[in-house]
Amino acid sequence: IVLQNVQGYKLEIETDTAVVYRLKLQPGESTGEHQLRAQSLIVSISGGQIEVVDGAKPRALVAAAPGELEWNAQTRTISIRNVGVAEYSAAVLQWK
């Protein structure tokens, strides 16, 4: 699953075994709906207030703290929107 074509994501590093993307969203910006690969890790860098829509689940408001980790065990279709007042950034690590 390629994230570099999704709003807010930028390819940082790619190796034989993993890909690392940087996610940056300004206040009000959204990624739009996209897929996150199973066996991926999200690490909040700047933290902030985000809204996550995960398939049919209710919208979730998340106060992401810097250094907070989220393990993604299965492929999910989500969208992320920055509902805070400052830039939100995270690193997304996907194993191949």
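Let's start in strand β8, where Q35 has T77 as its bridge partner. Before I go on, this is a predicted model, in which local features need pLDDT of at least 70 and side-chain atom pairs count only at pLDDT 80 or more, while totals for chains, interfaces and linings use all residues. Residues are numbered from 1 along each chain as its sequence is written, and side-chain values use heavy atoms, with hydrogens and water left out.

When I say strand, I mean a DSSP run of E with at least two residues, numbered from the N terminus. Two strands pair if DSSP finds at least two bridges between them. As a reminder, strands of a sheet pair through backbone hydrogen bonds, either parallel or antiparallel.

So, back to β8, which covers residues 76–82 and pairs with β3 in the antiparallel sense over 3 bridges. Along that pairing you can also find L36 opposite R76. On to β5, which is joined to β8 by 5 bridges, again antiparallel. There, V52 stands opposite I80. How many residues of β8 are buried? The count is 5 of 7, which leaves β8 mostly covered. Buried here is under 20% relative accessible area, exposed is over 50%, and partly exposed lies in between, with a 1.4 Å probe and protein chains only.

Now let's put β8 in its sheet. This is an open sheet of 4 strands in the order β3-β8-β5-β6, with antiparallel pairing. Its edge strands are β3 (34–36) and β6 (60–64), each pairing on one side only. Neighbouring strands in this sheet are turned by 45° against each other on average, direction ignored. For angles like this, the axes are lines fitted to C-alpha atoms, and angles run from 0 to 180 degrees between N-to-C directions.

The other sheet to show you has 5 strands, is open too, and follows the order β1-β2-β9-β4-β7 with antiparallel pairing. β1 (9–14) and β7 each have a single partner strand, so one side of each has no neighbour in the sheet. From one strand to the next, the twist averages 20°. At the β1 end, 5 bridges join β1 to β2, and Y9 stands opposite L23 in β2.

Please rotate to β4, residues 40–44. Why is β4 described as largely enclosed by the rest of the structure? That is because 4 of its 5 residues are buried. β4 is joined to β7 (residues 69–72) by 4 antiparallel bridges, and to β9 (residues 88–95) by 5, also antiparallel. On the β9 side, L41 stands opposite L93, while I42 stands opposite E70 in β7.

I42 deserves a moment of its own. This β4 residue is buried, with a relative accessible area of 11%. Its C-alpha atom is separated by 5.8 Å from that of A91, 49 residues apart along the chain.

I42 also takes us to the largest pocket, with about 270 Å³ of space. I42, I50, V52, V62 and E70 are the closest to its centre among the 22 residues that line it. A pocket, on a 1 Å grid over the protein atoms alone, is an open set of points where a 1.4 Å probe fits, with protein on both sides within 12 Å along at least five of seven lines, and lining residues have an atom within 4 Å of a point. The volume is the space filled by probe spheres set on the points. Two or more lining residues come from each of β4, β5 (48–54), β6, β7, β8 and β9. What is the make-up of that lining? It divides into 16 nonpolar, 1 polar and 5 charged residues.

Next, the largest nonpolar core, with 17 residues; L3, Y9, L36, I80 and V92 have the most contacts inside it. Such a core is a set of buried Ala, Val, Leu, Ile, Met, Phe, Trp, Tyr and Cys residues joined through side-chain atoms within 4.5 Å. At least two residues each come from β2 (18–25), β5, β8 and β9, and β2 gives the most, with 4.

One last stop: Q39, in the loop between β3 and β4. Q39 has a positive phi of about 60° although it is not a glycine. Most residues other than glycine have a negative phi. Is Q39 buried or partly exposed? Q39 is partly exposed, with a relative accessible area of 40%.

Key. Nonpolar A, V, L, I, M, F, W, Y, C, P; charged D, E, K, R; others polar.
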